[in-house]
Amino acid sequence: MCQHQPPCPSADSADRESARLVAHHPEQGWSLLCNGVLLFEDTGELLPDGQIIAPHRPLGADQVMTAA
């Protein structure tokens, strides 16, 4: 599907989010990547095969726990 050189990571690749943007709709909260992944502003994803990836936001500094 990707015509870029070097090609974008595939939708099943661990670095799939680094694919180039094809469409960006911040007013609706989503972006379409070159590899067919729908990336949502809450960091959730919908893969081309219908698989849902739950949001994976990093913890904020106030939520990080440290060992004593």
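## Working through a small sheet, strand by strand

P6 sits in the segment before β1. Keep that spot in mind for exercise 4; everything here refers to a predicted model.

**Exercise 1. Work out what secondary structure the chain has and how the strands are ordered in the sheet.**

Step 1: Count the elements. The chain has five strands and zero helices, so along the sequence the pattern reads β-β-β-β-β.

Step 2: Lay the strands side by side. They make an open sheet in the order β1-β2-β3-β4-β5, and the pairing is antiparallel.

Step 3: Look for the ends. β1 and β5 (52–53) are the edge strands; each has a single partner, so one side of each has no neighbour in the sheet.

**Exercise 2. Walk across the sheet and find the bridges and facing residues for the pairs β1 with β2, β2 with β3, and β4 with β5.**

Step 1: Start at β1 and β2. Four bridges hold this antiparallel pair together, and H24 faces S31 in β2. The two strands form a hairpin with four residues between them, and G29 in that turn has a positive phi of about 85°.

Step 2: Move on to β2 and β3. Here three bridges join the antiparallel strands, with L38 in β3 opposite L32. This is a hairpin too: four residues lie between β2 and β3, and G36 in the turn shows a positive phi of about 90°.

Step 3: Finish at β4 and β5. Their antiparallel pairing runs over two bridges, and L46 stands across from I52 in β5.

Step 4: Check the faces of β2. S31 and L33 are on its covered face, whereas W30 and L32 are on the uncovered one.

**Exercise 3. Find the salt bridge and say which parts of the chain it ties together.**

Step 1: Count first. There is one salt bridge in the structure.

Step 2: Name the partners. The side chains of R16 and E45 meet with an N to O distance of 2.7 Å. That passes the cut-off, because a salt bridge needs the nitrogen within 4 Å of the carboxyl oxygen.

Step 3: Place the two residues. E45 belongs to strand β4 (residues 45–46), while R16 lies in the segment before β1 (21–25); with 29 residues separating them, the pair links distant parts of the chain.

Step 4: Buried or exposed? Both R16 and E45 are buried.

**Exercise 4. Pick out the backbone oddities at Q5–P6 and T43.**

Step 1: Recall the background. Most peptide bonds are trans, and most residues other than glycine have a negative phi.

Step 2: Check the bond between Q5 and P6. This peptide bond is cis, with omega at about -5°.

Step 3: Check T43. T43 is not a glycine, yet its phi is positive, at about 75°. T43 is in the loop between β3 (38–40) and β4.

Step 4: Classify the exposure of T43. Its relative accessible area is 22%, so T43 counts as partly exposed.

**Exercise 5. Trace what the side chain of N35 reaches, and decide how accessible N35 is.**

Step 1: Locate N35. It's in the loop between β2 (30–33) and β3.

Step 2: List its backbone targets. The N35 side chain comes to 3.0 Å from the backbone oxygen of P9. A polar atom of the same side chain is 3.1 Å from the backbone oxygen of R16. R16 is also the salt-bridge partner of E45.

Step 3: Decide on burial. Relative accessibility is 8%, so N35 is buried, because the cut-off for buried is under 20%.

**Exercise 6. Describe the polar contact made by D15 and its surroundings.**

Step 1: Find the partner. The side chains of D15 and S13 are joined by a polar contact of 2.4 Å.

Step 2: Put D15 on the map. D15 is in the segment before β1.

Step 3: Classify it. With a relative accessible area of 41%, D15 is partly exposed.

**Exercise 7. Sum up the chain as a whole: burial, contacts and surface.**

Step 1: Burial. Of the 68 residues, 22% are buried.

Step 2: Contacts. Take the contacts between residues at least 6 apart in sequence: 20% of them join residues at least 24 apart.

Step 3: Surface. The accessible surface is about 5,100 Å², and carbon and sulfur atoms account for 58% of that.

Conventions: Residues numbered from 1 in each chain as written. Predicted model: local features only at pLDDT ≥ 70, side-chain atom pairs only at ≥ 80, totals over all residues. Heavy atoms only, no water. Buried < 20%, exposed > 50% of the residue type's maximum accessible area, 1.4 Å probe, protein only. Polar contact = N/O pair within 3.5 Å; in protein donor to acceptor, adjacent residues only side chain to side chain. Contact = heavy atoms within 4.5 Å. Areas by Shrake-Rupley, 256 points an atom, 1.4 Å probe, with all protein chains shown as cover. Pairing = 2+ DSSP bridges.
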